[in-house]
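Reader: I should like to request a close look at a single part of this structure, set out in relation to its surroundings. Please give the account as one connected answer, so that I may follow it on the model.

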Amino acid sequence: MLALHEVTAGYGGTTVLRGVDFQVGDGEIVALLGPNGAGKTTLLRTATGFVKARSGRIELNGEDLTKSAPHNFVRRGVCHLPEGRGIFPSLTVQENLTIQARSRDRSESVAEATELFPVLGSRLRQTAGSLSGGEQQMLALSRAYLTHPKLVLVDEASLGLAPLVVDKIYEVLRRLVERGMSLVVVEQYVQRVLELANTVYILSRGEIIHVGKAGEIGTDEIYEKYLGIET
Ligand SMILES: Nc1ncnc2c1ncn2[C@@H]1O[C@H](COP(=O)(O)OP(=O)(O)OP(=O)(O)O)[C@@H](O)[C@H]1O
Ligand SMILES: [Mg+2]
């Protein structure tokens, strides 16, 4: 459904992505891995219109969106969960959950989110910024879930979270998949994302240096060959 062809992008005088080919099919779960500074976040931002491609092409279901603004991606069912959660810290949990809903759907949105993450139910009147990191990530994921997107791009959802909270986050990512959504997951916990993903892309210094089936590459191989970390 999403395809980047030979995409180059960057900031000011810096080129970050160099000729990136990247594809996500219907219902596919793609793990996007690579060392810090490789350009993973930039790739997600470019794939959703926040950073403009300097050359190459970005297509969504065959439609050329290379020069399109983020809202054009959103309108076509693409949901980007950015690094650092992407919630509204000064609004309450309830407001965060209902901000996108039509008025008659508001109580339904809250019910759906609290069914997914019961802990949010007891925090509806608290400002989102005062939630714990794990709770904030649950709120961010709930917002994605409620908009019924077709493709969700998740940037480091488990960063800084306790293992049990990460389990919960992954459980919800699986639910998104069961609902037929496609996923792109940027993740530091390689092992966890390999269990979920169908396809692995590895980015290094702005170039894709590996594409393959998740079952055909091991964690050690990823670390040793591509991330330069001894295991
Ligand atoms: N707004 C910006 N302006 C200028 N340079 C930027 C900007 N954002 C990122 N960069 C640079 O682009 C390069 C790629 O950054 P990016 O955030 O895409 O990497 P990443 O793979 O997501 O890294 P991490 O694993 O640390 O999140 C880095 O060298 C970074 O310093
Ligand atoms: Mg990043």
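Author: The C-alpha centres of domain 1 and domain 2 lie 24 Å apart. The model is a predicted one. According to the domain assignment of the protein chain, domain 1 covers 1-77 + 149-231, while domain 2 covers 80-146. Contact between them involves 17 residues of domain 1 and eleven residues of domain 2. On the side of domain 1 that touches domain 2, helix H1, strand S7 and helix H7 each supply at least two residues. That side of domain 1 has twelve nonpolar, three polar and two charged residues.

The part chosen for the close look is H1, which spans residues 40-47. Of the eight residues of H1, seven are buried, and the helix is accordingly described as mostly covered. The buried residues of H1 are Lys-40, Thr-42, Leu-43, Leu-44, Arg-45, Thr-46 and Ala-47. Gly-49 follows H1 and has a positive phi, near 90°.

The surroundings of H1 may be taken in turn, beginning with the ligand. The shell around ligand 1 consists of Tyr-11, Thr-14, Val-16, Gly-34, Asn-36, Gly-37, Ala-38, Gly-39, Lys-40, Thr-41 and Thr-42. H1 provides three residues, the largest share of this shell. Strand S2 (14-24) also supplies at least two residues of the shell. By class, three residues of the shell are nonpolar, seven are polar and one is charged.

The next neighbour is an open sheet of six strands, in the order S6-S7-S8-S3-S9-S10, with mixed pairing. Strand S6 (78-81) and strand S10 (207-213) each have a single partner strand and stand at the edges, so one side of each has no neighbour in the sheet. From one strand to the next, the twist averages 15°. S6 and strand S7 (residues 151-155) run parallel and are joined by four bridges. Within this pair, His-80 stands opposite Leu-153 in S7. H1 packs on this sheet and touches strand S3 (29-33), S6, S7, strand S8 (182-186) and strand S9 (199-204). The direction of H1 makes about 150° with that of S7. Helix H7 (residues 163-178) also packs on the sheet, where it touches S3, S7 and S8. For H7, the direction makes about 150° with that of S8.

H1 has a further sheet among its neighbours. This open sheet is formed by four strands in the order S2-S1-S4-S5, and the pairing is antiparallel. S2 and strand S5 (63-64) are the edge strands, each pairing on one side only. Strand S4 (residues 55-60) and S5 run antiparallel and are joined by two bridges. Here Glu-59 has Asp-64 in S5 as its bridge partner. H1 packs on this sheet as well, touching strand S1 (2-11), S2 and S4. With the direction of S2, that of H1 makes about 65°.

The pairing around S1 completes the description of this sheet. Seven bridges join S1 to S2, and the two run antiparallel. Gly-10 stands opposite Thr-15 in S2. S1 and S2 form a hairpin that has two residues between the strands, and Gly-12 in the turn shows a positive phi of about 50°. S1 also pairs with S4 in the antiparallel sense, over five bridges. In that pairing Ala-3 stands opposite Glu-59 in S4, and Glu-59 is also the residue whose bridge partner in S5 is Asp-64.

One residue outside H1 deserves separate mention. Where is Glu-83 found? Glu-83 is in the loop between S6 and helix H3 (93-98). Why does Glu-83 count as partly exposed? Glu-83 falls in that class because there are 15 C-beta neighbours inside 10 Å, whereas a buried residue has 20 or more and an exposed one 12 or fewer. Leaving aside residues up to four places away in sequence, Glu-83 touches Thr-41, Asp-155 and Glu-156. Thr-41 belongs to the shell around ligand 1, and Asp-155 lies in S7, which covers residues 151-155. The C-alpha atoms of Glu-83 and Ala-157 are separated by 7.3 Å, although these residues are 74 residues apart along the chain.

In summary, H1 packs on the sheet that contains S7 and on the sheet that contains S2, and H1 contributes three residues to the shell around ligand 1.

How values were computed. Residues numbered from 1 in each chain as written. Chains lettered and ligands numbered in written order. Predicted model: local features only at pLDDT ≥ 70, side-chain atom pairs only at ≥ 80, totals over all residues. Near = placed C-beta within 6 Å. Nonpolar A, V, L, I, M, F, W, Y, C, P; charged D, E, K, R; others polar. Pairing = 2+ DSSP bridges. Axes fitted to C-alpha atoms, helices over the stretch in contact; angles between N-to-C directions. Contact = placed C-beta atoms within 7 Å. Domains from an automatic or database assignment.
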